[in-house]
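Work through the exercises below with the sequence and the model side by side. Try each task before reading its solution.

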Amino acid sequence: MRMTRRSLIWIAPLTASAAFAQAVDDDLLYDRVHRKLNNHPALRIRDLVVDVTDGIVTIDGVIRSDAAKRRASKVASIKGVKKVVNNLVVSA
């Protein structure tokens, strides 16, 4: 019994630390991806919305062409990003 109690004490702080680290990583990824998309000279995304959850980046907004939409996915695929969900809508 004593070993089990001790294990529970050690697991809880590690779980909380892991969740905090994930949140910080998502915030950093958000900042980097949002900045790269906004500052890329070939991309003009209107109403840009970026969301990052557990390393998965979701991009929403309006863009001019299919080629620019594909480029946005590549630009958002930075180190630390597990997947890019590109919900950009192409509109002239």
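**Exercise 1. Overall layout**

Find what share of the contacts with a separation of 6 or more comes from residues 24 or more positions apart, then list the elements in order.

*Solution.* Start with the contacts. Residues 24 or more positions apart supply 59% of the contacts in the protein with a separation of 6 or more. Contact here means heavy atoms within 4.5 Å.

A word on the model. It is predicted, so local features need pLDDT of at least 70 and side-chain atom pairs count only at pLDDT 80 or more, while totals for chains, interfaces and linings use all residues. Residues are numbered from 1 along each chain as its sequence is written, and side-chain values use heavy atoms, with hydrogens and water left out.

Next, the elements. The protein has two helices and three strands. Read from the N terminus, their order is α-β-β-α-β. Helices (H or I, at least four residues) and strands (E, at least two) are DSSP runs, numbered from the N terminus.

Last, burial. Of the 92 residues, 28% count as buried. Buried means under 20% relative accessible area, exposed over 50%, and partly exposed in between (1.4 Å probe, protein chains only).

**Exercise 2. The sheet**

Work out the strand order and say which strands stand at the edges.

*Solution.* Step one: order. The three strands form an open sheet, β1-β2-β3, with mixed pairing. β1 and β3 each have a single partner strand, so they stand at the edges and one side of each is left without a neighbour in the sheet. From one strand to the next, the twist averages 10°.

Step two: pairs. Two strands pair if DSSP finds at least two bridges between them. β1 and β2 are antiparallel, over six bridges. β2 and β3 run parallel and are joined by eight bridges.

Step three: register. Thr 53 stands opposite Ile 56 in β2. Ile 59 faces Asn 86 in β3, and Val 62 faces Val 89 in β3.

**Exercise 3. Positive phi**

Which residues other than glycine have a positive phi, and where do they lie?

*Solution.* First, the background. Most residues other than glycine have a negative phi.

Take Asp 47. Its phi is near 55°. Asp 47 is found in strand β1. It counts as exposed because its relative accessibility is 64%.

Take Asp 54. It has a positive phi of about 55° although it is not a glycine. Asp 54 lies in the loop between β1 and β2, which form a hairpin with two residues between them. With a relative accessible area of 42%, Asp 54 is partly exposed.

**Exercise 4. The second helix**

Place α2 against the sheet and sort its residues into buried and exposed.

*Solution.* Place the helix. α2 lies across β2 and β3, at about 155° to β3. Axes are lines fitted to C-alpha atoms, for helices over the stretch in contact, and angles run from 0 to 180 degrees between N-to-C directions.

Give the handedness. β2, α2 and β3 make a right-handed β-α-β unit. Right-handed means that, with the strands pointing away from the viewer, the path from the first strand over the helix to the second runs clockwise.

Sort the residues. Ala 68, Ala 72, Ser 73, Val 75 and Ala 76 are buried in α2. They cover an arc of only 165° around the axis, so they lie on the same side of α2. The arc is that of the directions from the helix axis to the C-beta atoms. Arg 70 and Lys 74 are exposed, on the other side of α2.

**Exercise 5. The core and the first helix**

How many residues does the largest nonpolar core have, and which elements give two or more of them?

*Solution.* Count the core. It has 19 residues. A nonpolar core is a set of buried Ala, Val, Leu, Ile, Met, Phe, Trp, Tyr and Cys residues joined through side-chain atoms within 4.5 Å. Val 33, Leu 37, Leu 43, Ile 45 and Ile 59 have the most contacts inside this core.

Assign the elements. Two or more residues come from each of α1 (2-39), β1 (46-53), β2 (56-63), α2 (66-76) and β3 (83-90). α2 gives the most, with four.

Trace the contacts, not counting residues up to four places away in sequence. Val 33 touches Val 50, Val 57, Ala 76, Ile 78 and Val 81. His 34, in helix α1, touches Leu 48 and Val 50. Tyr 30, also in helix α1, is in contact with Val 50 and Val 52. At 32% relative accessibility, Tyr 30 counts as partly exposed.
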